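Biologist: Got a minute to walk me through this one? I'd like to go from the overall picture down to single residues.

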Amino acid sequence: MTMTTTVPYHRNLVGGEWVDGERRPNHNPARPGEVVSEYARADRDTARTAVAAARAAQPGWARRPVAERMAVLDRIGTTILNRVEDLAVLLAREEGKLLAEARGEVTRAGQTFRYYAHQLLQPQGEVYASTRENVHAEVRRRPLGVVGVITPWNYPLAIPAWKVAPALAYGNTVVLKPAELVTASAGELARIIAGSGAPPGVFNLVMGSGREVGEELLTSSGVDGISFTGGTGTGTHVARQCIAHGNKRFQLEMGGKNPLVVLDDADLEVAVRCALDGSFFSSGQRCTASSRLIVQAGVHDRFVEALAVAADALRVGDPLDPHSDLGPVVSPDQLAQNLDYVRIGRDEGATVVAGGTHRTDEGQFMRPTLFADARNDMRLAREEIFGPVSCVIRVDDLDEAIDVAADTPYGLSAGIVTTSLSAAERFKRDARAGIVTVNLPTAGTELHLPFGGTGASNHGPREQGGYARDFYSVPVTCYTGW
Ligand code: TXE
């Protein structure tokens, strides 16, 4: 007797049709033998057809009354919010984040769609005085057009949501290419959007490799802009391709090597809590993770000891188990990369004071790993690891802390733990990052506020909140004589 598979199977969505491809499995990082879902792998032709469908649908979608676009976005958001539990379980099983974190992510995705539904009722242009007689001057907005959305695996629903929602709201059509590790979340999102009343072609999903399907979006003359989140190397390639192929508009959110400064006057409990969350939660797989802990000499030893104890106490286990504090890392490759950095850190002379190992029985489980005696010029402190690995760098005072914090190619998020108002104000003024936190973890952002960095972390307009409009719509300056 042959067993029939019961795992969900997700197809590509192209012009309102569900399109097959080579059938591929996705595995549970907590139990690698377990297939979570299967997906139809798109090829370049499917991507080409999706772009053509998005192109054909765009003018009509942009002309729909705002009330209709709002209703579609609101329905998508409401459906996601009604399905928090089942989507969160799927997300936790395919990506490995804790169920509680997955619930938070799904909720955030739903709220994001509803937020952009209501953003459409905000003012969409500006009126200026003309310097000429009998001339009316205004700045209107028109949609960017067809947007290629390329997303990573670490927030399988939230990142697509915060790109797709504003894109659709401002009258664009979308081709989404998610990371291949998280096609079930993307597939469910596509089903929800397809059932929302969005006309065929307005939203398309193509699940395939970056090299083939992603590349088609970068090089196609049918795509007007690319919104990308992922590694800095890939982002740089995206930028080059966008410029070479029609000077497409692009927006890049990339890596980070985010500093958390702890001053002598800090509340030690707050400092440990911020470092623990920022460094290790979500297995460190957040672009806003704190991967450099820059600690003043007077508190250094007490901080390192307390954080090592707290890290060792974290329970690493199945993300669906409510007793777990940390799930697995996403893939065997990612685990190998993390362990490689543990070796590199040791070779460079830093000292492991917590973790450094992984469970060898089953699943990609890595212990939260803390290095002391790190220097900011070590690879450990300069390269994004994207795992539960952090390092402590000792400094003498606030000036040195600010200099070390800024000494990185990246610039996404930066935090300080202090009870000094003037130190906090100086840090907010001088930190070279797009997000600055005081007495809070470097990770943890809100959907209505701009998100993005500087340097190697970002290129282009900010994402999220009202700022998203700057990427997804184009200002048009109109002069009318009368
Ligand atoms: O990212 P990639 P991956 C970082 C982190 C991680 C590393 C690799 O350091 O270890 O990136 O992760 C698509 N044309 N971040 O492999 O490769 C790809 O298919 C067009 C930081 O996931 O950059 C996927 O959909 N597209 C980050 C997306 O780009 C291409 C979150 C991201 O993949 C492409 C995740 C190409 N030639 C990882 N090549 C953050 N800052 O949040 C790949 N892609």
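Modeller: Sure, we'll take the whole chain, then the ligand, then a few residues one by one. Keep in mind that this is a predicted model.

Biologist: Okay, how many helices and strands are there in the protein chain?

Modeller: The protein chain has 15 helices and 21 strands. Its C-alpha atoms fill a box of roughly 80 × 70 × 40 Å along the principal axes.

Biologist: And what's the radius of gyration of the protein chain?

Modeller: The protein chain comes out at 23 Å, and a compact globule with 482 residues would be near 23 Å, so the two agree. Of those 482 residues, 57% count as buried. Looking at contacts between residues at least 6 apart in sequence, 74% join residues at least 24 apart.

Biologist: What about the surface, how much area does the protein chain expose?

Modeller: About 19100 Å², with carbon and sulfur atoms supplying 52% of it.

Biologist: Let's switch to the ligand. Which residues are closest to it?

Modeller: 25 residues surround the ligand, and the closest are Thr151, Gly231, Thr234, Met254 and Glu384.

Biologist: What polar partners do the ligand's oxygen atoms have? Start with Glu384.

Modeller: A polar side-chain atom of Glu384 sits 2.7 Å from a ligand oxygen. Gly231 brings a polar backbone atom to 2.8 Å from an oxygen of the ligand. For Trp153, an N or O atom of the side chain is 2.9 Å from a ligand oxygen.

Biologist: How much of the ligand does the protein bury?

Modeller: The protein buries 82% of the 810 Å² that the ligand exposes when taken alone.

Biologist: You mentioned Trp153. Which loop residue touches Trp153?

Modeller: Val330 does, and it also touches Pro29, Glu95, Leu181, Gln285 and Gln364, leaving out residues up to four places away in sequence. Val330 is in the loop between α10 (297-313) and α11 (332-348).

Biologist: Is Val330 buried or exposed?

Modeller: Buried: its relative accessible area is 5%, and the cut-off is under 20%. Also, the C-alpha atoms of Val330 and Gly33 are 14 Å apart, although 297 residues separate the two along the chain.

Biologist: Next up, Asn376. Where is that?

Modeller: Asn376 is in the loop between β16 (369-374) and α12 (379-382). With 9% relative accessibility, Asn376 counts as buried. Its side chain reaches the backbone oxygen of Asp407 at 2.9 Å. Setting aside neighbours within four places in sequence, the contacts of Asn376 include Arg292, Ile393 and Val404.

Biologist: Any odd backbone angles? What's phi for Ser283?

Modeller: About 55°, a positive value even though Ser283 is not a glycine. Most residues other than glycine have a negative phi. Ser283 is in the loop between α9 (268-280) and β14 (290-296), and counts as buried at 2% relative accessibility. Phe386 has a positive phi too, near 70°. That residue lies in the loop between α12 and β17 (389-395) and is buried, with a relative accessible area of 16%.

Biologist: Last topic, cysteines. How many disulfides does the structure hold?

Modeller: Zero. Take Cys391: the nearest cysteine sulfur, in Cys274, is 17 Å away.

Biologist: Why does that rule out a disulfide for Cys391?

Modeller: Because a disulfide needs two cysteine sulfur atoms within 2.5 Å. Cys391 counts as buried, at 0% relative accessibility. Cys478 counts as buried as well, at 19%.

How values were computed:
Residues numbered from 1 in each chain as written. Heavy atoms only, no water. Buried < 20%, exposed > 50% of the residue type's maximum accessible area, 1.4 Å probe, protein only. Helix = DSSP H or I, 4+ residues; strand = E, 2+ residues; numbered from the N terminus. Polar contact = N/O pair within 3.5 Å; in protein donor to acceptor, adjacent residues only side chain to side chain. Contact = heavy atoms within 4.5 Å. Near = heavy atom within 4 Å. Areas by Shrake-Rupley, 256 points an atom, 1.4 Å probe, with all protein chains shown as cover. Rg over C-alpha atoms; globule rule 2.2 N^0.38 Å.
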